[in-house]
Amino acid sequence: MRTGSAYLFGAICPARGVGAAWACEKANTAAMQLQLDEIALQVAPSAHGVVVLDQAGWHTTQKLRPPDNLTLLPLPPRSPELNPAENVWQHLQQRFLSNTVFDDYDAIVQAICEA
């Protein structure tokens with residue numbers, strides 16, 4: 001048996017109904033930097049975005065360079081209930097991604113992109 005994983009990075013702005021998301025093979029600092037850069041592109045002109053983050057290592061590293069129009073707001077450790085995006089992740093997992101065997105890595109990416 002072999003296993004594979006894909007990571008879905010995402011951010012939402014409920015007030016404007018916009019978001020930024022993408023799938024990648026690894027969850028690391030480089031992937032997080034790309035996600036922050038994408039989020040910054042979605043922030044309305046002359047606005048400033050706040051990105052709520054958990055304590056994942058790639059969220060808290062000093063190597064991240066947040067764009068000027070974003071502020072990072074780290075949550076206390078072990079407090080996912082404070083992050084409203086956790087409800088989105090739970091919905092995607094329960095509705096689209098759980099209890100599924102995928103044929104290959106591309107099928108995993110396809111499924112998370114469709115979700």
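Where is glutamine 33 found? Glutamine 33 is part of helix H1, where helices (H or I, at least four residues) and strands (E, at least two) are DSSP runs, numbered from the N terminus.

Before we go on, a word on the model. This is a predicted model, in which local features need pLDDT of at least 70, side-chain atom pairs count only at pLDDT 80 or more, and totals for chains, interfaces and linings use all residues. Residues are numbered from 1 along each chain as its sequence is written, and side-chain values use heavy atoms, with hydrogens and water left out.

**Glutamine 33 and three loop residues**

Glutamine 33 counts as buried because its relative accessible area is 17%; buried means under 20% relative accessible area, exposed over 50%, and partly exposed in between (1.4 Å probe, protein chains only). Not counting residues up to four places away in sequence, glutamine 33 touches Lys63, Leu64 and Arg65, contact being heavy atoms within 4.5 Å. From glutamine 33 to glutamine 110 there are 77 residues in sequence and 23 Å in space, C-alpha to C-alpha.

Now compare some residues that sit in loops.

| Residue | Loop | Relative accessibility |
|---|---|---|
| Arginine 78 | between S4 and H3 | 79%, exposed |
| Asparagine 83 | between S4 and H3 | 9%, buried |
| Asparagine 99 | between H3 and H4 | 83%, exposed |

Arginine 78 has a phi near 55°, a positive value in a residue other than glycine. Asparagine 99 also has a positive phi, near 50°, and is likewise a residue other than glycine. As for asparagine 83, leaving aside its neighbours within four places in sequence, this residue is in contact with Val52 and Leu75.

**Strand S3 and the core**

Strand S3 covers residues 49–53, and its side chains alternate. Gly49, Val51 and Leu53 point to one face and are buried, while Val50 and Val52 point to the other and are not. S3 pairs with strand S4 (residues 70–74) in the parallel sense, over five bridges; two strands pair if DSSP finds at least two bridges between them.

What does valine 51 stand opposite in S4? Its partner there is leucine 72. Not counting residues up to four places away in sequence, valine 51 touches Leu36, Ile39, Leu70, Thr71, Leu72 and Leu73.

Valine 51 also appears in the largest nonpolar core, which has 14 residues. A nonpolar core is a set of buried Ala, Val, Leu, Ile, Met, Phe, Trp, Tyr and Cys residues joined through side-chain atoms within 4.5 Å. The members that touch the most others are Phe9, Met32, Leu36, Ile39, Val51 and Leu70. S2, helix H1 (29–42) and S3 each supply at least two residues of this core, and H1 gives the most, with five residues. In soluble globular proteins, nonpolar side chains tend to be buried together.

**A pocket**

The second largest pocket has a volume of about 180 Å³. Of the 16 residues lining this pocket, Leu8, Gly10, Ala21, Trp89 and Leu92 are the closest to its centre. On a 1 Å grid over the protein atoms alone, a pocket is an open set of points where a 1.4 Å probe fits, with protein on both sides within 12 Å along at least five of seven lines; lining residues have an atom within 4 Å of a point.

Strand S1 (7–13), strand S2 (18–24), helix H3 (85–97) and helix H4 (105–114) each supply at least two residues of the lining. The largest share, five residues, comes from S2.

Key:
Points joined across faces, edges and corners; volume = space filled by probe spheres on them.
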